[in-house]
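Biologist: I have a protein model on my screen and would like to learn how to read it. Could we go through it together?

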Amino acid sequence: VANSIYSHLSHCSQRDDLPPLLAYLESVTPESGVLVGTNISIADIAIITCFAQAQYGDYEVDGTSYPKLRAYLDRCFANSIVTDRLESEKAMFANR
């Protein structure tokens, strides 16, 4: 699934291409917690990496249209593993 998402996000020329993918993710996203188990795992990292990269292109998932997916992404992006990594990336880009 993650490879498909990454491929789709990286090749979208218009944001209109994303709704079927986002609708699928909305349908399988848990209302609370993470995808597998009780802690963030490689399954979550595989999904959120695609959306972290999309944020660099000023794309954000609309929480009105995809509330479960938006809440899931917010939970994952709040995890210290993810926030630490994103902060290091921002610092790297700032130094360029």
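Modeller: Start with contact, which means heavy atoms within 4.5 Å. This is a predicted model. In it, Ile-45 touches Ile-40 and Val-82, once residues up to four places away in sequence are set aside.

Biologist: Where is Ile-45, and is it buried or exposed?

Modeller: Ile-45 lies in helix α3. Buried means under 20% relative accessible area, exposed means over 50%, and partly exposed is in between. Ile-45 has 27%, so it is partly exposed. Now compare sequence with space. Ile-45 and Cys-76 are 31 residues apart in sequence, yet their C-alpha atoms are 8.3 Å apart.

Biologist: How many helices and strands does the protein have?

Modeller: It has five helices and zero strands. Along the sequence the pattern reads α-α-α-α-α.

Biologist: How do I check the length of helix α3?

Modeller: Use the rise of 1.5 Å a residue. Helix α3 covers residues 42–56, which makes 15 residues, so it should span 21 Å. Its end C-alpha atoms are 21 Å apart, and the two values agree.

Biologist: Where does α3 bend?

Modeller: At Ile-48, by about 25°.

Biologist: Which residues of α3 are buried?

Modeller: First, the general idea. An α-helix has 3.6 residues a turn, so residues three or four places apart point the same way. In α3, the buried residues are Asp-44, Ile-47, Ile-48, Cys-50, Phe-51, Ala-52 and Ala-54. Check Cys-50 by number: its relative accessibility is 4%, so it counts as buried.

Biologist: What comes just after α3?

Modeller: Look at Asp-58, in the loop between α3 and α4. Its phi is near 65°, a positive value in a residue other than glycine. Asp-58 has 64% relative accessibility, so it counts as exposed.

Biologist: Next, the core. Which residues have the most contacts inside the largest nonpolar core?

Modeller: A nonpolar core joins buried residues of certain types through side-chain atoms within 4.5 Å. Here the largest one has 20 residues. Those with the most contacts inside it are Leu-22, Ile-48, Phe-51, Val-61, Leu-69, Leu-73 and Phe-77. Helices α2, α3, α4 and α5 each supply at least two residues of this core.

Biologist: What is Leu-22 in contact with?

Modeller: Leave aside its neighbours within four places in sequence. Leu-22 is then in contact with Phe-51, Tyr-59, Val-61, Tyr-66 and Leu-69.

Biologist: And Arg-70: is it buried or exposed?

Modeller: Arg-70 sits in helix α4. Its relative accessible area is 14%, so it is buried. Beyond neighbours within four places in sequence, Arg-70 is in contact with Glu-60, Val-61, Gly-63 and Phe-77.

Biologist: How many disulfides are there?

Modeller: The test is a pair of cysteine sulfur atoms within 2.5 Å. A search of the whole structure finds zero. Cys-76 is at 1% relative accessibility, so it counts as buried.

Biologist: Last, the whole protein. What share of its residues is buried?

Modeller: Of the 96 residues, 32% are buried. The accessible surface comes to about 6,000 Å², and carbon and sulfur atoms hold 53% of it. Then take the contacts with a separation of 6 or more: 68% of them join residues 24 or more positions apart.

Key
Residues numbered from 1 in each chain as written. Predicted model: local features only at pLDDT ≥ 70, side-chain atom pairs only at ≥ 80, totals over all residues. Heavy atoms only, no water. Buried < 20%, exposed > 50% of the residue type's maximum accessible area, 1.4 Å probe, protein only. Helix = DSSP H or I, 4+ residues; strand = E, 2+ residues; numbered from the N terminus. Expected span 1.5 Å × (residues − 1). Bend = angle between axes of the 7 residues up to and from the residue. Areas by Shrake-Rupley, 256 points an atom, 1.4 Å probe, with all protein chains shown as cover.
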